[in-house]
Amino acid sequence: MSNIVLQLSTEIQNQIKTFYASSTVERNAPGVIFAAKLSDTAITMYKSGKVMFQGIGATREASRWGEVPSKAPTSTSTTISSIKTKGDKLPANFASMSVIGSDETGTGDYFGPVTVAAVFVPKDKIELIQELGVKDSKMLNDQIMRKIAPDIMSVCSYSILTLRNEKYNAIQEKGYSQGKIKAMLHNQALKNVLEKISPEKPEFILIDQFAERDTYYKHIQKEKEIVTENVLFSTKAEQLHVAVAAASILARFAFLKEMDRLAGIVGFDLQKGASGKVDQMAAKIWLTRGEKTLKSLSKWHFANTEKARKLVEKKRN
């Protein structure tokens, strides 16, 4: 096994730091708190408590500190074939290929940004990414995704784009639909990753489908550079390749980070989604901090704005 990840206690982590002190190397990647390099093994420790062992001697070194899990057999094609999706038909053994995946979040939330992430997972890192805990984000809570995201960023090439509310509202008011906005962000994130990994190329690019192929490319037809080579679209893409699952986690991580910033402005956590609770919170912000502040925190064209306006008028009367 060339990649092994163990979740270890603080005590054992400190022992590892002492044991490999003479082999310490600098690693400035997000989330990394210690790294060492042996002749046949790289050891990387993360804030999340995970310690990764990579290389020919990974099993030997990992066994010093914990129980090395046996490699479970996988049946990728069976798993994928059982998932009901819409979109392009994927090649056989797609889940084991080198893929850039992209996904977005925040589009259904009144408060907060729209975020898009793209991640390249080459075939030789698929097992590692899985061991780091990457899976369909619907199976993970926000706290876990906050921990996993820095691990992903330390081992994969990626791009994260955060469209804050002021910019979102400005371009939406110019007539840009949310579909067009998302398509532009996906295209840019994919371009960024392709530039980072060049001259290497992925076998495929998989976009978590939010629009039909023709509609997607119509949205971005005026862009100077359009990513088209080996691009596939599918719903439930997080379940089809770990690259999209990783992208989903990074997009959520960026969304949560921006929500933390916005919470600092108003002094409390903002309600996610677009429910009646959101209407009440929007009205509260409107009354206490004014319309301008509320607009800077929200997607102004959502129906929640008008509902909040009525609540404010009712309160004032």
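**The second largest pocket and strand β8**

The second largest pocket has a volume of about 260 Å³. The model in which this pocket is found is a predicted one. Rolling a probe the size of a water molecule over the atoms shows where empty space is left. The lining of the second largest pocket is made up of 16 residues. Nearest the pocket centre lie L194, K201, I205, V227 and E229. By class, seven lining residues are charged, six are nonpolar and three are polar.

Two elements, helix α7 (178-197) and strand β8 (204-208), each give at least two residues to this lining. The largest share comes from α7, which supplies three residues. I205, one of the residues nearest the pocket centre, also belongs to β8.

Strand β8 is mostly covered, with five of its five residues buried. In a regular strand the side chains alternate between the two faces of the sheet. Both faces of β8 are covered. On one side stand F204, L206 and D208, and on the other I205 and I207. Each of these residues is buried because its relative accessible area is under 20%.

Strand β8 pairs with two strands, β5 and β9. The pairing with β5 (residues 99-105) is parallel and rests on four bridges. Within it, L206 of β8 stands opposite G101. Strand β9 (residues 231-234) also runs parallel to β8, and four bridges join these two strands. Here I205 has V231 of β9 as its bridge partner. From β8 the chain passes through helix α8 (residues 213-219) before it reaches β9. This β-α-β crossover is right-handed.

Ahead of β8, the loop that follows α7 holds E200. Is E200 buried, exposed or partly exposed? The relative accessible area of E200 is 43%. Buried residues fall under 20% and exposed ones over 50%, so E200 counts as partly exposed. Which residues does E200 touch, once its neighbours within four places in sequence are left aside? The contacts of E200 are then with F120 and P122. P122 is 78 residues away from E200 in sequence. In space, the C-alpha atoms of E200 and P122 are 9.9 Å apart.

Taken together, α7 and β8 both contribute to the pocket lining. Strand β8 is also joined to β5 on the one hand and to β9 on the other. The loop between α7 and β8 carries E200, which is in contact with F120 and P122.

Methods:
Residues numbered from 1 in each chain as written. Predicted model: local features only at pLDDT ≥ 70, side-chain atom pairs only at ≥ 80, totals over all residues. Heavy atoms only, no water. 1 Å grid on protein atoms, 1.4 Å probe; cavity = no way out; pocket = protein on both sides within 12 Å on 5 of 7 lines; lining within 4 Å. Points joined across faces, edges and corners; volume = space filled by probe spheres on them. Nonpolar A, V, L, I, M, F, W, Y, C, P; charged D, E, K, R; others polar. Buried < 20%, exposed > 50% of the residue type's maximum accessible area, 1.4 Å probe, protein only. Pairing = 2+ DSSP bridges. Right-handed = clockwise from strand over helix to strand, strands pointing away. Contact = heavy atoms within 4.5 Å.
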